[in-house]
Amino acid sequence: MKRWAWLCMLCLAFQANAGGRDHAVGTLLKTEGLSADPRAGSQSMATLERGERVEILERQGGWLKVKARQITGWLRYLSVKHGEMSKSGVDAGGILSLAGGRAGTGEVVSVAGIRGIDEEQLKSAQFNEREYAKLEGYGVSREVAQQFARSGGLRARVVEYPTQPVAVSQPQGIPR
Amino acid sequence: MRKWGAILVLFAAVAMVVPMVYAFELDLKRLGDALKGVTGKKSDSSAQGLGLDLNDVKNVLTAARISEQDEIRIGREIAGNLLGVAPLVEDAALQQYVNKVGRWVASQSERPDLPWRFGVIDSTDINAFAAPGGHVLITKGLYRLLDNEAQLAGVLGHEIGHVVRKHHLDILQKSSMIDIGKDLVKDRVGGGDVIKNLIGNGAEICARGLDKNAEYEADRIGMILAARAGYDPYGLADVLQAIGHVAKDSSSIRLLFKTHPLPDDRLLRLGEAMGERLDTMTDVLQLRERFYRLKN
């Protein structure tokens with residue numbers, strides 16, 4: 001009997017988890033037009049307001065395919081905050097893998113209850129010779145790094161730094 | 001009267017030259033010569049005659065330029081102290097992996113030949129630290145949030161940005177501008193370790209944090225360096241998303257939120273800065289399969 005109860009609970013938990021993944025939710029960080037296609041200058045089908053919720057369907061490069069107000073379209077990846085706004089925080093590991101376009105691993109990040117690195121520790125820190133020597137020892141040359149990159153299929157390319165934007169929006173909280 | 005005039009001219013000359021030295025790392029000997037020219041006298045003694053010691057002027061100016069060698073020494077002190085708070089994770093394969101990714105990303109920066117060192121430190125805190133001269137440390141707590149190599153590249157790229165733009169040195173200079181140059185010069189001559197006295201406990205700077213604009217700049221650099229390295233440039237944004245979902249009151253993220261702008265603002269700023277810039281990038285990789293997973 002007890003075993004059945006456990007199984008039921010497991011199933012429920014699994015379903016709840018899967019449900020959350022299928023309908024990833026996002027919140028707009030700024031007011032933006034819902035584009036018909038994932039490219040700049042494409043037709044805007046509606047203007048979505050900052051703080052408005054959308055359903056995230058997929059990601060393509062710097063764009064997210066979303067559904068909002070019964071319309072499906074595209075928003076800039078950097079204009080949408082992923083996930084529900086929740087006070088307790090959500091499964092960050094899952095969110096990350098979703099952002100990468102993959103199903104989540106379901107790993108829950110457990111960080112509560114352990115003392116973090118704080119100001120006091122940093123102020124009273126003592127130099128650690130042994131660990132510093134280890135850090136130095138792990139360093140690799142440019143050539144080794146290049147070889148490593150090549151083996152992964154990475155190809156260096158020219159991308160200019162952006163100039164600092166002239167007009168920046170004032171940071172504001174998102175209405176809940 | 002003429003004496004006061006000369007002092008005024010000298011003062012004006014110094015005021016004009018200081019920012020130039022800072023920007024272009026002007027040679028001090030030439031500066032000394034220039035000052036001689038301004039005062040119309042032939043030697044250092046003339047400056048002394050005006051009640052000014054040219055050596056003092058030089059020391060003030062030296063403060064604005066810290067050599068790469070000194071930069072590395074300052075960074076060593078900060079990184080070594082951080083390692084005193086949290087040692088490296090005992091996993092050689094992990095540390096080697098992070099160094100390869102980090103060095104590849106740093107190779108795309110304007111300072112590819114610094115002695116770059118990367119490490120994962122044993123702390124459940126969610127944070128990453130940079131120290132001058134090419135030192136980058138990321139906590140195990142932050143590493144655990146990552147899901148692919150592009151995200152790691154983005155995080156390391158942000159820290160590399162702090163090093164490349166000398167954000168920590170700026171803070172140090174602002175807080176003790178005159179002493180730093182003076183004492184580093186003394187230190188080189190004397191061979192003693194003055195750096196410790198100069199920056200106090202090095203790790204303290206990590207608790208104080210940098211200004212917000214330095215963080216936004218590091219975000220932009222991190223994203224661009226990852227892109228240059230061939231990674232999906234949105235890896236850093238993925239991580240900012242994840243950080244935004246860690247409970248705000250969690251002790252593991254307290255220091256990061258104290259020293260950085262909130263993730264939402266960082267995403268917005270990135271969006272404004274990047275615009276359409278990265279839209280045409282193709283064949284970028286996330287390398288999820290190759291990403292080194294923690295054993296525990």
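This passage describes the contact between chains A and B and the packing of four helices in chain B, as seen in a predicted model.

We can start with the two chains together. In the interface, 79 residues of chain A are in contact with 100 residues of chain B. The area buried between chain A and chain B comes to about 7,800 Å², and carbon and sulfur atoms give 60% of it. Charged pairs also take part, with a count of 9 salt bridges between chain A and chain B. One of them joins A:Glu119 to B:Arg254, where the closest N and O atoms are 3.1 Å apart.

Within chain B, helix H13 (residues 235-243) is a good place to begin, as it packs against both H15(B) and H8(B). The axes of H13(B) and helix H15 (residues 263-274) of chain B come within 9 Å and cross at roughly 155°. Because this angle is over 145°, H13(B) counts as roughly antiparallel to H15(B). The crossing of these two helices is left-handed. On the H13(B) side, the contact is made by B:Ala237, B:Leu240, B:Gln241 and B:Ile243, while H15(B) contributes B:Pro263, B:Arg266, B:Leu267 and B:Leu270. By residue class, the contact of H13(B) with H15(B) holds 6 nonpolar, 1 polar and 1 charged.

The other partner of H13(B) described here is helix H8 (residues 149-164) of chain B, which packs against H13(B) at an angle of about 90°, the axes being 7 Å apart. H8(B) and H13(B) are therefore roughly perpendicular to each other. From H8(B), the contact draws on B:Ala150, B:Gln151, B:Gly154, B:Val155 and B:His158; from H13(B), it draws on B:Gly235, B:Leu236, B:Asp238 and B:Val239. These residues of the contact of H8(B) with H13(B) divide into 4 nonpolar, 4 polar and 1 charged.

Returning to H15(B), a further contact is found with helix H12 (residues 212-228) of chain B, where the axes of the two helices come within 10 Å and cross at roughly 60°. That angle makes H12(B) oblique to H15(B), and the crossing is right-handed. H12(B) takes part through B:Asn213, B:Tyr216, B:Asp219, B:Arg220, B:Met223 and B:Ile224, and H15(B) through B:Asp265, B:Arg266, B:Arg269, B:Leu270, B:Ala273 and B:Met274. The contact of H12(B) with H15(B) is made up of 6 nonpolar, 1 polar and 5 charged residues. Two residues of H15(B), B:Arg266 and B:Leu270, belong both to this contact and to the one with H13(B).

Notes: Residues are numbered from 1 along each chain as its sequence is written. Chains are lettered from A and ligands numbered from 1 in the order in which they are written. This is a predicted model: local features need pLDDT of at least 70, side-chain atom pairs count only at pLDDT 80 or more; totals for chains, interfaces and linings use all residues. Side-chain values use heavy atoms; hydrogens and water are left out. Axes are lines fitted to C-alpha atoms, for helices over the stretch in contact, and angles run from 0 to 180 degrees between N-to-C directions. Angles under 35 degrees count as roughly parallel, over 145 as roughly antiparallel, 65 to 115 as roughly perpendicular and the rest as oblique. A crossing is left-handed if the near helix is turned anticlockwise from the far one by less than a right angle, and right-handed if clockwise. Contact means heavy atoms within 4.5 Å. Ala, Val, Leu, Ile, Met, Phe, Trp, Tyr, Cys and Pro count as nonpolar, Asp, Glu, Lys and Arg as charged, and the others, Gly among them, as polar. Buried area is the accessible area (1.4 Å probe) that two parts lose on being put together, summed over both. A salt bridge is a side-chain nitrogen of Lys or Arg within 4 Å of a carboxyl oxygen of Asp or Glu.
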